[in-house]
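Please open the structure in the viewer and keep the selection tool at hand. The stops below say what to select and what is to be found there.

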Amino acid sequence: MRSSDLRKIRDVLAGRSQGCILTADCRPLLAALPDDAPIAIVSDPPWGIQFVQHQASTGRPASNAVDHWIRRNAGIRVAGDDCPFEPAPLLRWPVILVGAGRFASRVPPGGTWMTWDKAPAKAPADTFSDSEFLWCSRPYVKRNVIRVLWKGICCCDRTRESGRRRHPMQKPILLMERMILALCPAAPVAGARPAAGLGRPLASPSGAADWDRVVVDPYCGVGSTLLAAMGLGRRYVGIDIDARWTRIARLRVRGLTGRDIDARLHNSAMQTG
Ligand SMILES: C[S@@+](CC[C@H](N)C(=O)[O-])C[C@H]1O[C@@H](n2cnc3c(N)ncnc32)[C@H](O)[C@@H]1O
């Protein structure tokens with residue numbers, strides 16, 4: 001573990017910096033943080049499903065966006081996805097996790113099970129599943145269905161990202177935004193009645209208000225959670241063990257989209273190769 005990484009995290013926690021993205025194994029970094037660190041874990045960890053994107057087998061040239069996406073990601077393996085995921089190290093802080101149905105036996109009782117409905121409107125009957133289960137440590141979240149379209153190329157981030165998905169397990173920014181709000185609701189407006197559907201306030205040994213917690217995604221991939229946190233005005237920490245993804249996350253956080261990201265990746269590949 002690099003001490004400079006820990007320093008960068010502490011800078012964000014202390015409000016000296018808005019956010020950071022680190023290429024590192026998240027486990028020793030999280031282990032070095034105290035239980036009362038004012039953070040909330042919002043993440044989509046590897047699920048232990050040994051996902052490998054297979055090459056389209058037709059042999060014909062890629063003819064549409066789905067074909068291009070499949071071919072770009074062919075053979076890519078995702079770090080940590082070869083063994084069952086263990087959520088215990090994350091449970092020291094408020095947490096919400098995508099795909100928790102895959103490791104349901106290892107989350108504690110209490111909290112709220114939530115559904116991500118990926119095909120809320122007319123969506124193609126394709127090979128992707130129609131929903132995933134999320135687990136949130138906040139009990140009694142009543143708005144516990146999140147409807148965000150994400151089926152193949154029918155994705156809600158299509159305009160912003162020019163239809164590109166850059167990580168084989170990329171998630172929509174809108175989904176991550178809803179997850180942040182389910183775990184750490186926005187600050188109440190003075191004089192307003194509490195919003196319906198929020199769970200109980202989080203127990204807060206650090207005294208941090210829910211909306212003031214730093215959003216930490218220890219398995220951040222190409223940074224969808226971090227973009228959502230920025231959009232909500234929250235501070236963020238993103239960690240991924242694979243530099244391929246953190247590189248793209250940094251470009252996305254800088255506001256680059258679609259073709260600009262492609263151009264940067266292309267130029268640096270030319271320089272190094
Ligand atoms: C499901 S993907 C996250 C994708 C992300 N939601 C997105 O939208 O791009 C899980 C990520 O966890 C990373 N990972 C696996 N083991 C890790 C570890 N020990 N520390 C940090 N990152 C890890 C993988 O490299 C992978 O990018």
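Begin by selecting β9, helix α5 (residues 224–231) and β10, which together make a right-handed β-α-β unit. Please note that this is a predicted model.

**The strand β10 and its partners**

Keep β10 selected; its residues are 236–240. Is this strand mostly covered or mostly open? β10 is mostly covered, with 5 of its 5 residues buried. Now display the side chains. Tyr-236, Gly-238 and Asp-240 point one way from the strand, while Val-237 and Ile-239 point the other way. This pattern follows a general rule: in a regular strand the side chains alternate between the two faces of the sheet.

Next, add strand β1, residues 19–23, which pairs with β10 in the parallel sense over 5 bridges. Then add strand β9, residues 214–217, which is joined to β10 by 3 bridges and also runs parallel to it. Which residues stand opposite Gly-238 in β10? From β1 the residue is Ile-21, and from β9 it is Asp-217.

**The surroundings of the ligand**

Select the ligand and the 23 residues that surround it. The closest are Gly-80, Met-169, Tyr-219, Gly-221 and Ser-224. By class, this shell holds 12 nonpolar, 5 polar and 6 charged residues. The strand just visited appears here again, since both β10 and α2 (26–31) supply at least two residues of the shell.

**Two helices**

Move to helix α6, residues 243–253. Its buried residues are Trp-245, Thr-246, Ile-248, Ala-249, Arg-252 and Val-253. Look down the axis of α6: these buried residues fall within an arc of 160°, so they line one face of the helix. An α-helix has 3.6 residues a turn, so residues three or four places apart point the same way. Just after α6, select Gly-255, which takes a positive phi of about 95°.

Now select helix α4, residues 173–183. How many of the residues of α4 are buried? The count is 11 of 11, and the helix is mostly covered. Among them are Ile-173, Glu-177, Arg-178 and Leu-183.

**Two residues in loops**

Select Val-107, in the loop between β3 (95–98) and β4 (112–117). Val-107 counts as buried because 20 other C-beta atoms lie within 10 Å, and 20 is the lowest number that qualifies as buried. Leaving aside neighbours within four places in sequence, Val-107 is in contact with Pro-87, Ala-100 and Trp-135. Add Leu-91 to the selection: Val-107 and Leu-91 are 16 residues apart in sequence and 8.5 Å apart in space, C-alpha to C-alpha.

Then go to Tyr-140, in the loop between β5 (131–136) and β6 (145–147). Tyr-140 counts as partly exposed because it has 13 C-beta neighbours inside 10 Å. Its phi is near 60°, a positive value in a residue other than glycine. Most residues other than glycine have a negative phi.

**The whole chain**

Finally, clear the selection and view the entire chain. There are 7 helices and 10 strands. Buried residues make up 37% of the 273 residues in the chain. Among contacts between residues at least 6 apart in sequence, 73% join residues at least 24 apart.

Terms used: Residues are numbered from 1 along each chain as its sequence is written. This is a predicted model: local features need pLDDT of at least 70, side-chain atom pairs count only at pLDDT 80 or more; totals for chains, interfaces and linings use all residues. A residue is near a molecule or strand if its C-beta atom, placed from the backbone, lies within 6 Å of it. Helices (H or I, at least four residues) and strands (E, at least two) are DSSP runs, numbered from the N terminus. Ala, Val, Leu, Ile, Met, Phe, Trp, Tyr, Cys and Pro count as nonpolar, Asp, Glu, Lys and Arg as charged, and the others, Gly among them, as polar. A residue is buried if 20 or more other C-beta atoms lie within 10 Å of its own, exposed if 12 or fewer, and partly exposed in between; C-beta atoms are placed from the backbone. Two strands pair if DSSP finds at least two bridges between them. A crossover is right-handed if, with the strands pointing away from the viewer, the path from the first strand over the helix to the second runs clockwise. The arc is that of the directions from the helix axis to the C-beta atoms. Two residues are in contact if their C-beta atoms, placed from the backbone, lie within 7 Å.
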